[in-house]
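Open the model in your viewer and keep the selection panel at hand. We will walk through it stop by stop.

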Amino acid sequence: MNDLSLTTLDGGMAMLSAPVLDAFAASLRGDVLNAGDPGYDEARAIWNAMIDRRPGLIVRCAGAGDVIAAINFARENNLLVAVRGGGHNIAGNAVCDGGLMIDLSRMKSVRVDRVARRAWVEPGAILADVDKETQAFGLVVPTGINSTTGIAGLTLGGGFGWTARKLGLTIDNLLSADVVTADGELLRASTAEHPDLFWAIRGGGGNFGVVTAFEFKLHKLGPQVLSGLVVHPFDDAKAVLEGYRAALEDAPDELTCWTVARRAPPLPFLPADWHGKEVLVLAMCWCGEMAAGEQATARLRGIGKPIVDVVGPNPFVGWQAAFDALLAPGARNYWKSHDFIELADETIDALDQAIRNLPGPECEVFIGHVGGVAGQVATEATAFPQRSSHYVMNVHGRWREAAMDDACIAWARGIYEATKPQAIGTAYINFMPSDEADRVEAAYGVNYARLIEVKQKYDPKNFFRLNQNLKARHARKAA
Ligand code: FAD
């Protein structure tokens, strides 16, 4: 390797000599890449193509030993560090310019104990890895709705999808985690060991250290679940959303129904004359007995006059990947989100306007349906605070051409502003783009002060700063 100039924590540069870099590389089980190496561009590419950063050094870790070595090397040389799990986060903090990127994407092992109903998962696994290994035994970890999402970032922010109302958030099923802190120590965090750290990593993101293993509780589910889409013309959206709201008022925890408003993609089950036209999709999943599901979904499926209803038994692993094609990596993306307790008439009106003014064929508004078991956990029990919300709206600005940046970002911000009066003020940190650093305190609500205390204890120098950052006290004064 040649001498390298790398970005430091304070934004300066550090010159590292070839022998120092070679010795570090030789100490690893994985490998290191720098600009020009084969694989460098693939390793720095993440889901959101708006983020185009060039780390000075990428460490592709093979295990916890490599993570410890990378953290020690970065700390000793005062280097800026980014941590990549699945690389899906909208804000793009998985990758940095000039500093050291700890790339965990090769650490993908998932081990299942079917008797104890436990899974041990490495942080480079994506949801598809977790689902395939656990569903081999008819078991599940509750996670998100897109199978290419990384388990690490999703878990550290909270994690919800089709199963959260029945089985809780991903963090509600986390039993322990191995965390390498800024001083290079590997700590086991659980209710019994370092409980303050365990509390903080359940929602506090990557602020406290690098997780090298997650231990999850497993539940029985599937392998088939009653699930699928009901697609409506967007002209009927108001009435359909009113029906949706009424149907979900006292929905059982087994039933989850999200909505997606967008132009219809050319899905094989949609009549061709609907392709490219605005539609409202009800996407539902029943996590219970199949026969009971037919009855429980009947009210939702009976709303209005849908174009098509393709709800039926599907393999859970397949249903988890149902939106993958629409959310594939490589597009430019910008998100804005709100938490709601109710879907107010004003919110429905704002959505109606927004979809009639879509700036592009891939822009869409998702409304996630939460609550149920996930909503029964006390707000202060985990760092993730928004247990009372019933709906999470995520506006997905998504497009291909840089020339569309301004129009798509303005569209997403417009819906955010129009629906703000009905929102409860918290936010899901996993949905926050890079320009929402000033929203972190509100996002955590009543849990913010305690998070700052834990940050002060485990990362007082803010070594882990490329995340939705909690600044420990002295770092905040210096900023
Ligand atoms: P990365 O970008 O790799 O990581 C995100 C951040 O987490 C990093 O910047 C770092 O700060 C931290 N981090 C990552 N790994 C570690 C680690 N091992 N130790 C410490 N810190 C770490 N969320 C849901 O809850 N439900 C959904 O249904 C859902 N759907 C999504 C669909 C799509 C298409 C996308 C893009 C995202 C979705 N999300 C969803 C949001 C998702 O939870 C976040 O984007 C999450 O951060 C992704 O994790 P990752 O490991 O892939 O991301």
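The tour below visits two sheets, the ligand and two backbone details.

Before you start, note that this is a predicted model, in which local features need pLDDT of at least 70, side-chain atom pairs count only at pLDDT 80 or more, and totals for chains, interfaces and linings use all residues. Residues are numbered from 1 along each chain as its sequence is written, and side-chain values use heavy atoms, with hydrogens and water left out.

**Stop 1: the mixed sheet**

Select strands 3, 4, 6 and 5, which in that order form an open sheet with mixed pairing. Strands here are DSSP runs of E with at least two residues, helices are runs of H or I with at least four, and both are numbered from the N terminus. Two strands pair if DSSP finds at least two bridges between them. Strand 3 (31-33) and strand 5 are at the edges with a single partner strand each, so one side of each has no neighbour in the sheet. On average, neighbouring strands of this sheet are turned by 20 degrees against each other, direction ignored.

Now pick out strand 4 (residues 57-60) and strand 6 (residues 100-103): they run parallel and are joined by 4 bridges. Show isoleucine 58 and you will find its bridge partner, methionine 101, in strand 6.

Add helix 3 (residues 64-76), which lies across strand 4, strand 5 and strand 6 and runs at about 170 degrees to strand 6. Axes are lines fitted to C-alpha atoms, for helices over the stretch in contact, and angles run from 0 to 180 degrees between N-to-C directions. Contact means heavy atoms within 4.5 Å.

**Stop 2: the ligand**

Which residues are closest to the ligand? Of the 35 residues that surround the ligand, the closest are Gly85, Gly87, Asn89, Phe160 and Tyr428; a residue belongs here if one of its heavy atoms lies within 4 Å.

Zoom in on the polar contacts (pairs of N or O atoms within 3.5 Å). A polar backbone atom of glycine 86 is 2.8 Å from a ligand oxygen, and a backbone N or O atom of histidine 88 lies 3.1 Å from an oxygen of the ligand. Asparagine 89 brings a polar side-chain atom to 2.8 Å from a ligand oxygen. Taken alone, the ligand exposes 950 Å², and the protein buries 97% of that (Shrake-Rupley areas with a 1.4 Å probe).

Colour the shell by element next: strand 5 (81-84), helix 5 (151-157) and strand 12 (210-217) each supply at least two residues. Helix 5 gives the most, with 4 residues.

**Stop 3: the antiparallel sheet**

Strand 12 also belongs to an open sheet of 5 strands, in the order 7-8-12-10-11, with antiparallel pairing. Its edge strands, strand 7 (110-113) and strand 11 (186-190), each pair on one side only. The twist averages 15 degrees from one strand to the next.

Select strand 10 (residues 174-180) with strand 11 to see an antiparallel pair with 5 bridges. Valine 179 has leucine 187 of strand 11 as its bridge partner. Then show helix 4 (residues 127-135), which packs on the sheet by touching strand 7 and strand 8 (118-121), at about 30 degrees to the direction of strand 7.

**Stop 4: two backbone details**

Go to arginine 117, in the loop between strand 7 and strand 8. Its phi is near 55 degrees, a positive value in a residue other than glycine.

Finish at proline 223, in the loop between strand 13 (219-220) and strand 14 (224-233). A cis peptide bond joins glycine 222 to proline 223, with omega about 10 degrees.

Conventions: A polar contact is a pair of N or O atoms within 3.5 Å; within protein, one must be able to donate a hydrogen and the other to accept it, and residues adjacent in sequence count only if both atoms are side-chain atoms.
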